[in-house]
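Got your viewer open and a selection box ready? Here is a short tour, one selection at a time.

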Amino acid sequence: MFTRRDFFTLAAATATLLGDAGRAARGAIRQEITQDDLLRFDPLGQVTLLHITDIHAQLVPLYFREPSVNLGVGEVHGLPPHITGQDFLRRFAIPAPSPDAYALTSVDFAALAKNYGRVGGLDRLATLVKAIRAQRPANTLFLDSGDTWQGSYTSLETQGADMVQAMNAMATDAMTAHWEFTYGTERVQELLEQLEFPFLAGNVRDTEWDEPVFDGIAYFERGGVKIGVVGQAFPYTPVANPRYKIPTWSFGIQENRVRELVEEARAEGAELVVLLSHNGFDVDRKLAGRVDGIDVILTGHTHDALPVALEENGTLLIASGSHGKFLSRLDLDVRNGKVANYRYRLIPVFADAIKPDPEIAALIKEIRAPHESTLSKVLGKTESLLYRRGNFNGTFDDLICNALIEERDAEIALSPGFRWGASLLPGQEITLEDVYNQTSITYPAAYRTEFTGDFLKVVLEDVADNLFNPDPYYQQGGDMVRVGGMSYAIDPSAKMGQRISDMRLLKTGDPIDPAKNYVVAGWASVNEGTDGPPIWDVVSKHISQKQVIAIPENKNIRVVGG
Amino acid sequence: MTRMDSSPHVTRRHVLVLTGAAAVAAGTGLLPSIAAADKAAVEAAIKKAVGDASTMSGRITLDLPQIAENGNTVPIGIEVDSPMTESDYVKSVHIFAEGNPNPEVASLHFTPANGVAKASTRMRLLRTQNVVAVAKMSDGSVYRETVEVKVTIGGCGG
C-alpha cells in the first residue's frame, strides 16, 4: 500500500527520471529560500542601481555552470574573479552545499542543480526588478551592460528584435553592447529605432571622420542625485567578431575618451558617475586604477559573478554574472559628489523560488509561440553534464568538436572559446533550442580546410595571448579556443609564442609536424566568405545520429608551469 | 583623436616610403614571411633621424590601439608637450615600426607657427610589434616613447 509520503517520493523521483527536475527542485529550493529572502535588503542612501549583463538572449530559465578553471596571470593571479570552486567558497565564506554555493561555483553542480533547479528567466528577473522599483520608485536605475540581443534561437530568427521588445518591456534605463554589433551596421541602426532607452557606446567612432557614432553619456536623476552613465562597448568587437559586419565602426579601450566623458559628466553636474561597461573585469579593474572620478563600474563581458563589490582607486567594481542568473542591487548614499556609503547584494535568480511576472511571461510566450515546434524538437539525450564555461574545453565544446570531426571528416576541430551557452544536466534531453543556445551567431559556417602544424600552433598561441596576456588591456575576454582531435600543453604565464607545447594528434599520438598539413574543421571564422553548413546543422545531425551523448572528462589539455 | 589640425610637414618622399612598405607586404595573407627589420636597423634609423643625442622619456603622448582592428591601416595620434615658441619648440617627430620590413613610417617637421606639435595618420603594421616615436626639440634634446601594438588573428571573443 502506498502511503501519502511514498507518493510524494515517487512523484519527485518520476519528475527527475523524466528529465524535468523542476517539480522536485521547486520543493527543495523553496524550503531553503523564498522570493522574499531574495528581495530582502535594508535600503540605503538615495540611489539604487540594478544591474544585469550578458544575458545572451535567454528569456527562459536554464542551467548555467560557473567555471571550474578561470586563471588569472600577472598581477591578478589569485585575485577575484580568478578563483573558483572550493577556493571561491572559502574566500567568500559560503557554506556548501547551499543555494549560494550552487549559484556561484561549479562544486557538485549536477547534483545541486537537481535540488535547486534552473536559474534566470526574464519573467523572474522582471518580478525582482518590479518589486525593488515598487519599493524605491524614485531611486532605482536599471542598467544592462550588453550581450543582450544574441545567444538564442529566437534572437537569431528575429535578428535581435525579440530582445529589444523584451528589454523595452522591462523598462531598462540604458544599455551598452558587444554581440549586438554582430547583426551588422544596418540591423543595429534598425533596432535602435525600436529601442526605447539610451544605447551608450562612447568608444565607437566612425572610420571615415573619426566621429562618435553613438551617445557616450546619459543623465538621470534619482533620489535628488544627478547620475551620469557613461557607456563603454566591447573594445575589441572588430577583432574578436567579424569586422566586415561593421566595416565603418572603430572601437578600442580609448582610455582618454573615457577620461574625457567622465570629466564631461562631472562638468555637467553629475554627482554620481557610473561606467556601464563591456570591457571585461580585468580591463575595468585596470581602467579604474588609471581613470579618476568613476564612482561605480558595472562590469560585463567576462561573465564573472562576485558576491561583493571590489574597490579600486575609489571605484566600486560590480560583477553581475551572465545569462540572467543574477541581478545586482547596489544602494548608494551620495554626499557632495562622492559615495559616502554603499550596500551591495548579488541576487541569484532561482527560477523556482520566484513567481514569474505575468506581463513579461506573456510576452515571452508570444515571442516563442511561432517557434515552439522548432525549439522543443528533441534530438537526443545526454548522459553527461554538458557545459561550456571555463578557460579550456567544456563538455559541450567537446560534443561540438566531435560533431565537426565526424560530420566534416576532419582530423582536428577548432571551436571558439565563447563564454556563453546554457548547461545541460545528465539525463536531460537535448533539444534544438539547446543546440542554438550554444551556436546562435550570424557567422555560423562550419568550414573545412587544411592548416599546417605550424599555423595550428600560431592560432593557439594567438588565442592564448588574448586570454593570458599579463596586461589586461591586451586581453579580449574570451576563453581558450576549444580543440578536438589534438592534445597540447599550455603554460599561461609564459611569453607570447612560448605558451603552447607538446601538440599531438590524438588518433596516432604523434607530435604535430609543423610542416605537415592537417584537415581542420571549425566554425565562427571572422573572415568574410567562409564556406560551410551552419554549425547548428552539423551538431544537430551528430546528436540525432548518436541519440545518447556521453562525453568523458577532457584530459587532452595539460596546464603546466607557474 | 585628432586629425591633421596642426598641418605638420610630411614630405612626398616619406609618403612613398610608407606606401612602398605596404606594397611589399601586400598579398602575403595572414602570416607574411617577410623579414622584419632587426633592432640594430631600427636604432640606426633613429640615429640617422635625430643624431647621437641620448633619448629621454616623457613629453610624447602616443595614441595607438592596444590591438589593431586592421593591421593594414592602424591609426596613430602623436602629441608632444611643448610651448612651441621661437626659443622652445619641437623640430621634428619620427615614427618607427620595429617589426616592419622598413622601420621608417613617417617623419614630421614642425615650426613654432604650428602652435602645437600634434598629428595623426595611419600606418600599416605587418605583425605585433613596438611602435617607436622620437621627438627632436629645438635645443637638441631628444625624447622617445614606445607602445606595443598587437596584430592578432582574432575571433574568439566571449
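**Stop 1: where the chains meet**

Put chain A and chain B in two colours: about 2,400 Å² is buried between them, and 53% of that is on carbon and sulfur atoms. Keep in mind while you click that this is a predicted model. Now select the contact residues, which number 43 in chain A and 20 in chain B.

How many salt bridges are there between chain A and chain B? The count is two. To see one of them, show the side chains of B:E69 and A:R243, which meet at 3.3 Å, N to O. Polar contacts between chain A and chain B come to six residue pairs, with both residues at pLDDT 80 or more.

Stay on the chain A side of this interface. Helix 11 (237-240), strand 7 (249-250) and helix 18 (453-468) of chain A each bring at least two residues to the side that touches chain B. Which of the elements of chain A gives the most to that side? Helix 18 of chain A does, with seven residues. Colour the chain A side by residue type and you get 22 nonpolar, 13 polar and eight charged residues.

**Stop 2: the sheet under helix 18**

Keep helix 18 of chain A in view and add the open sheet of four strands in chain A, ordered 17-21-15-18 with mixed pairing. Strand 17 (447-452) and strand 18 (482-484) of chain A are the edges; each has a single partner strand, so one side of each has no neighbour in the sheet. From one strand to the next, the twist averages 30 degrees.

Zoom in on strand 17 and strand 21 (residues 517-522) of chain A, an antiparallel pair joined over six bridges. A handy landmark is A:E450, whose bridge partner in strand 21 of chain A is A:V519.

Next, bring in the helices. Helix 16 (residues 395-407) of chain A packs on this sheet and touches strand 15 (412-415), strand 18 and strand 21 of chain A, with its direction at about 135 degrees to that of strand 15 of chain A. Helix 18 of chain A packs on the sheet too, touching strand 15, strand 17, strand 18 and strand 21 of chain A, and its direction makes about 105 degrees with that of strand 17 of chain A.

**Stop 3: two small details in chain A**

Select 217-232 of chain A for a hairpin: strand 5 (residues 217-222) and strand 6 (residues 225-232) run antiparallel and are joined by six bridges. A:F220 has A:I227 as its bridge partner in strand 6 of chain A. Two residues sit between the strands, and A:G223 in the turn has a positive phi of about 55 degrees.

Then jump to helix 10 (residues 185-194) of chain A, where A:R187 and A:E190 lie three residues apart, about one turn of the helix. Their side chains meet in a salt bridge at 2.7 Å, N to O. Over all chains, a search of the whole structure finds 37 salt bridges.

**Stop 4: over to chain B**

Finish on the open sheet of chain B, five strands in the order 1-8-7-4-5, again with mixed pairing. Strand 1 (55-56) and strand 5 (104-109) of chain B stand at its edges with a single partner strand each, so one side of each is left without a neighbour in the sheet.

Strand 7 (residues 129-137) and strand 8 (residues 142-149) of chain B pair antiparallel over eight bridges. Pick B:K136 and you will find B:V142 as its bridge partner in strand 8 of chain B. Last selection: helix 2 (residues 39-50) of chain B, which lies across strand 4 (90-97), strand 5, strand 7 and strand 8 of chain B and runs at about 165 degrees to strand 4 of chain B.

Methods: Residues are numbered from 1 along each chain as its sequence is written. Chains are lettered from A and ligands numbered from 1 in the order in which they are written. This is a predicted model: local features need pLDDT of at least 70, side-chain atom pairs count only at pLDDT 80 or more; totals for chains, interfaces and linings use all residues. Side-chain values use heavy atoms; hydrogens and water are left out. Two strands pair if DSSP finds at least two bridges between them. Contact means heavy atoms within 4.5 Å. Axes are lines fitted to C-alpha atoms, for helices over the stretch in contact, and angles run from 0 to 180 degrees between N-to-C directions. Buried area is the accessible area (1.4 Å probe) that two parts lose on being put together, summed over both. A salt bridge is a side-chain nitrogen of Lys or Arg within 4 Å of a carboxyl oxygen of Asp or Glu. A polar contact is a pair of N or O atoms within 3.5 Å; within protein, one must be able to donate a hydrogen and the other to accept it, and residues adjacent in sequence count only if both atoms are side-chain atoms. Ala, Val, Leu, Ile, Met, Phe, Trp, Tyr, Cys and Pro count as nonpolar, Asp, Glu, Lys and Arg as charged, and the others, Gly among them, as polar.
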